[in-house]
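The following note sets out points for a colleague who wishes to read this model alongside its sequence. Each point takes up one part of the fold.

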Amino acid sequence: MTEPIYNLLDEPWVKVTNLQGEEEMLSITSTLVKSHELRSLSGEMPSQDLAILRLLLGVLYSIYTRTEEYENARDDESKDACMDMWERLWKRSHFLENEIVDYLQKYRDRFWLRHPELPFYQLAEIKKGSDFVTSKMIGSMVESSNKTMLFQSRTGKSKQYLDYPEATRWLLYLNSFDDASAKPSQKGLESMSVAWLGQLGLVYVAGANLFETLMLNFSLVNFNIGEGEPWGKGDATWELEKPRTAERTVITVPSSAEELFTLQSRRIQLKYQGDKVTGFTLLGGDKFDSEDAFAEPMTTWKLSKSKTGSGEVFIPPSNAARNPSKQLWRDFAPLLLEAESDSEKHRKPGVLKWISELDGIISSKQVQICTMSIKYGNMQSGIDEVWDDTLSVNTFILSKVGEKWIGRITNIVKTTEDLVKTLGNLASNIAKASGSVDGLNQRNYAMERAYAALDIPFRTWLASIDDTSNINEKCNKWIDKAKRVILDHGENLVSQAGTQAFVGRTVIVGNKESHYSTPRVYGWFKGGISKILSNKIQ
């Protein structure tokens, strides 16, 4: 091939949904210019959409952090100047076409999917690497070379050949979420890890349209520096004179957003047959240490011991032990609580710190906090599960003036979980009363059903909080609702327990004999609820 083929600035490959609910395919340029007319990205998977969102953000950072205004803010280390600049962009409600086009056209030659020397997000040639077929690119299939899915979402040619638009979308996904199954091309290299986004407990914010979503995640402040300062200077991957080619390269944590959001976690060369992609060759790419890597704004953080033994550090949480059935609101504290005390330490995701800085600019606006996690298979090869969740909240809660709500809601969640555990104890005790040996499963099932019954009501309650809400009235209203749900579930458990459980039996627990019957354990259940609610923090 001598002539470049398929320029991503012109060709339609980004799947979107417009404000009328209709699906479209647009180029990078059109997606950004028309973002205020679009509801969202709508690719094959949410993880694919996030990879594309970060590409679009990389373009925005490359445009707006190069302006004279931002350069002056960087020189003065002025957070306020960054905020003023962001506010003007937000109030404009759209991106100016000339600003988008003028920048992108400077790098037009770097956006060809197929190019003899500089293909987009690829290397022109990888002489020795791990070779894969296209099904390894497709996140909804995640086949390994020695394990075939029993129930496949695609079969035949639809998984063997990809057209250019879909191949481009999965190329971005692969660079962001690839597993660690690729083999090194030589000895002595750094160990392989999953691609950068696959290592994170991902968090981002969605607005009423794609423009708002982009802007809400477009933090002009780098929270890796003190209380936040302008981002440093750097290059997006398409701005480099030559792409990095070294395998498994350890780099420092990027100080510029455009470098971070276009990070090349993998070296990839797509393979073609005619106008179809048939596979790819892959090597490990750029990586950096995740300890205290606060430049990354789209992740939750977990306190851990440093690998060097030098003390405590924050790292992205491992998704390996995460329970995918656990609703997002039950993780409210680590998501939104910022605390630095001897007894407890939490660090908010940078993107939510950024939203809290926007108080007064986007006050009392409804947004969605979105999370996503990926659980990789044994030895980080293949993907076992992908799950995502959202919470609709008023930006008032995320603002500094809404901080008092964070502590109260955290206590509300804790109280709710205690109530559910009490219901689980009731189910376990009824099993003892009836002579069942399945008490643990009955306990877990009762708790799962209770959480399911509480899920939509809690989300509705949380979304209803705004700057006019009375904190005591709102919190008491939820406690009353949770109490009614738990009591109803408890009564149903007792009514369905049967005669044997009503009569009961004597059981040895530990070294103590105790008689279990539904009347008695129901009394314990109600007493437990009263104790929890009498101790709840006002």
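**Notes on the predicted model**

1. Trp238 has a relative accessibility of 2% and therefore counts as buried, the cut-off being under 20%. The model under review is a predicted one. The ring partner of Trp238 discussed here is Phe111, with centres 5.1 Å apart and planes at 45°, so the pair is classed as tilted. Phe111 is likewise buried, at a relative accessible area of 0%.

2. The positions of these two residues deserve attention. Phe111 belongs to the loop between helix 5 (97-106) and strand 5 (112-114), while Trp238 belongs to the loop between helix 8 (210-216) and strand 8 (249-250); the pair therefore ties together parts that are 127 residues apart in sequence. In total, the structure holds 28 aromatic pairs. A cluster linked by ring pairs comprises Tyr61, Tyr64, Trp86, Trp90, Phe95, Phe211, Phe218, Trp231, Phe261 and Trp354.

3. Two arginine side chains are placed over tyrosine rings. The charged end of Arg114 sits over the ring of Tyr272, 3.8 Å from the ring centre. The charged end of Arg330 sits over the ring of Tyr451, at 3.6 Å from its centre.

4. As to the chain overall, the protein chain contains 17 helices and 19 strands. Its radius of gyration is 26 Å, close to the 24 Å given by the globule rule for 538 residues, so the chain is as compact as a globular protein of that length. Along the principal axes, the C-alpha atoms fill a box of roughly 85 × 55 × 55 Å. Of the 538 residues in the protein chain, 55% are buried. Among contacts between residues at least 6 apart in sequence, 69% join residues at least 24 apart.

5. One open sheet consists of three strands in the order 6-10-9, paired antiparallel. Strand 6 (130-133) and strand 9 (266-273) stand at its edges, each with a single partner strand, so one side of each is left without a neighbour in the sheet. From one strand to the next, the twist averages 25°.

6. Which strand does strand 6 join through four bridges? The partner is strand 10 (residues 276-284), and the two run antiparallel. Within this pairing, Asp131 has Thr281 of strand 10 as its bridge partner. Helix 7 (residues 164-177) lies across strand 9 and strand 10, and its direction is at about 160° to that of strand 9.

7. Strand 7 (residues 202-206) has five of its five residues buried, so this strand is largely enclosed by the rest of the structure. In a regular strand, side chains alternate between the two faces of the sheet. In strand 7, Leu202, Tyr204 and Ala206 point one way and Val203 and Val205 the other way, and all are buried. Five bridges connect strand 7 to strand 16 (residues 366-376), and the two run antiparallel. Opposite Leu202, in strand 16, stands Met372.

8. Two residues that are not glycine call for a check of backbone geometry. Ser93 has a positive phi of about 70°; this serine is found in the loop between helix 4 (79-92) and helix 5. With a relative accessibility of 42%, Ser93 counts as partly exposed.

9. Tyr121 also has a positive phi, of about 55°, although it is not a glycine. Tyr121 is placed in the loop between strand 5 and strand 6. Is Tyr121 buried or exposed? At 8% relative accessibility, Tyr121 counts as buried.

10. A final point concerns Ser27, in the loop between strand 3 (23-26) and helix 1 (28-33). Ser27 counts as buried, at 4% relative accessibility. Leaving aside neighbours within four places in sequence, Ser27 is in contact with Leu8, Leu9, Asp10, Glu11, Pro12, Trp13 and Val14.

Note on methods
Residues are numbered from 1 along each chain as its sequence is written. This is a predicted model: local features need pLDDT of at least 70, side-chain atom pairs count only at pLDDT 80 or more; totals for chains, interfaces and linings use all residues. Side-chain values use heavy atoms; hydrogens and water are left out. Two strands pair if DSSP finds at least two bridges between them. Axes are lines fitted to C-alpha atoms, for helices over the stretch in contact, and angles run from 0 to 180 degrees between N-to-C directions. Contact means heavy atoms within 4.5 Å. Buried means under 20% relative accessible area, exposed over 50%, partly exposed in between (1.4 Å probe, protein chains only). Rings of Phe, Tyr and Trp (its six-membered ring) pair if their centres lie within 6.5 Å; planes under 30 degrees apart count as stacked, over 60 as edge-to-face and the rest as tilted. A charge sits over a ring if NZ of Lys or CZ of Arg is within 6 Å of the ring centre and within 35 degrees of the ring normal. The radius of gyration is taken over C-alpha atoms; the globule rule is 2.2 Å times the number of residues to the power 0.38.
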